[in-house]
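Here is a briefing for a reader who is meeting this structure for the first time. Please look over the sequence and the model before turning to the points, which are grouped by topic.

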Amino acid sequence: MIAIVDYGVGNLFSLSSSLKALGLETEITRDAARLRAADRIILPGVGAFGDAKAKLDATGLVPVLLEEAEKKPFLGICLGMQLLFDRSTEYGDHPGLGLVSGEVVDLREDLADKTLKVPHMGWNSLQIVKDDPIFKYFENGEYVYYVHSFYARNCAASTLGASEYGNVAVTGVVRSGRVYGTQFHPEKSGDAGLRLLKAFAEL
């Protein structure tokens, strides 16, 4: 069973529907016992980092998630991926879960061409930086769907895939131990995204 963490942030229905379309048993939950019983955990997320982290903290699930991330495959999606990092500078300075080393910063800080639109939104090609089982069914250069204004930086050791946006290599996929993250939305990335979720379900 794949547990999707329900903490009031994220498009849970779309993600759940995609997993069910793959024939995978899925449960949306904020129950610690169900998270512990799950074979895999997905942490979704949309919106602002500080607000999402506060809502996650309010559930009391953070210690459970940190514990389970050491035992089973764990995937953060979009803002859920950003929450995996040490910190974010979005509207202040906020601590993350510290499961992946690095920081989350405003994409505009590093863009040389200030006329490029932020948020970085739409389809972009994902270049595989390091081979990994998460790419079992994924071809280098396939297109995935992004929508974000902040991105992960100083995380080269954990970066598995990236997409070019102007002069910036946007961190697209990360891994640290059993913990994975995708900045793009696999559930909105068509067949390529479904194949990535399928590979995650087989880890």
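In this predicted model, Gly161 has Val173 in β13 as its bridge partner. That pair belongs to the contact between β12 and strand β13 (residues 168-176), where 6 bridges join two strands that run antiparallel. The points below start with the hairpins around β13 and go on to an open sheet, another strand pair, a helix, some backbone details and a cavity.

**Hairpins around β13**

- β12 and β13 form a hairpin with 2 residues between them, and Gly166, in the turn, has a positive phi of about 65°.
- On the other side of the pairing, β13 and β14 are antiparallel and are connected by 4 bridges; they too form a hairpin with 2 residues between them, with Gly177 in the turn at a positive phi of about 65°.
- Val173 takes part in both pairings, since its bridge partner in β14 is Thr182, while Gly161 is paired with Val173 in β13.

**The open sheet of four strands**

- An open sheet is formed by 4 strands in the order β6-β5-β7-β11, and its pairing is mixed.
- The edges are taken by β6 (94-95) and β11 (150-153), each of which has a single partner strand, so one side of each is left without a neighbour in the sheet.
- Strand β5 (residues 85-88) pairs with β6 in the antiparallel sense over 2 bridges, and one bridge places Ser88 opposite its partner His94 in β6.
- The pairing of β5 with β7 is parallel and runs over 3 bridges, with Val100 in β7 as the bridge partner of Phe85.
- Between β7 and β11 there are 4 bridges, and these two strands run antiparallel; here Val104 has Ala152 in β11 as its bridge partner.
- Of the 7 residues of strand β7 (residues 100-106), 6 are buried, so this strand is largely enclosed by the rest of the structure.
- As general background to these pairings, strands of a sheet pair through backbone hydrogen bonds, either parallel or antiparallel.

**Strands β8 and β10**

- Strand β8 (residues 120-125) is joined to β10 by 6 bridges, and the two run antiparallel; among the paired residues, Gly122 has Tyr146 in β10 as its bridge partner.
- Which residues make up the covered face of strand β10 (residues 143-148), and which the uncovered one? Val144, Tyr146 and His148 are on the covered face, whereas Tyr143, Tyr145 and Val147 are on the uncovered one.
- In a regular strand the side chains alternate between the two faces of the sheet.

**Helix α7**

- Helix α7 (residues 190-201) has 12 residues and reaches 17 Å from its first C-alpha to its last, which is close to the 16 Å expected at 1.5 Å a residue.
- Its buried residues are Ala192, Gly193, Leu196, Leu197, Ala199, Phe200 and Ala201, and what covers them includes β1 (2-5), α1 (12-21), β3 (40-43), β4 (74-77), β10 and β14 (179-182).
- Ala201 can be set against Ala157, which lies 44 residues apart from it along the chain, with 24 Å separating the two C-alpha atoms.

**Loops and backbone details**

- Ala157 is placed in the loop between β11 and β12 (159-165), and with a relative accessible area of 74% it is exposed.
- Asn154 lies in the loop between β11 and β12; its phi is near 60°, a positive value in a residue other than glycine, and at 58% relative accessibility Asn154 counts as exposed.
- Tyr91, in the loop between β5 and β6, has a positive phi of about 55° although it is not a glycine, and its relative accessibility of 71% makes it count as exposed.
- The peptide bond from Val118 to Pro119 is cis, with omega near 15°, and Pro119 lies in the loop between α6 (107-110) and β8.

**The cavity**

- How many cavities of 30 Å³ or more does the structure hold? There is 1, and the volume of the largest cavity is about 30 Å³.
- The largest cavity is lined by Gly10, Asn11, Pro44, Gly45, Val46, Ile77, His185 and Glu187, a lining that divides into 3 nonpolar, 4 polar and 1 charged residues.

Definitions and conventions
Residues are numbered from 1 along each chain as its sequence is written. This is a predicted model: local features need pLDDT of at least 70, side-chain atom pairs count only at pLDDT 80 or more; totals for chains, interfaces and linings use all residues. Side-chain values use heavy atoms; hydrogens and water are left out. On a 1 Å grid over the protein atoms alone, a cavity is a set of points where a 1.4 Å probe fits but cannot get out, and a pocket is an open set with protein on both sides within 12 Å along at least five of seven lines; lining residues have an atom within 4 Å of a point. Grid points are joined across faces, edges and corners, and a volume is the space filled by probe spheres set on the points. Ala, Val, Leu, Ile, Met, Phe, Trp, Tyr, Cys and Pro count as nonpolar, Asp, Glu, Lys and Arg as charged, and the others, Gly among them, as polar. Buried means under 20% relative accessible area, exposed over 50%, partly exposed in between (1.4 Å probe, protein chains only). Two strands pair if DSSP finds at least two bridges between them. The expected span of a helix is 1.5 Å times one less than its number of residues. Contact means heavy atoms within 4.5 Å.
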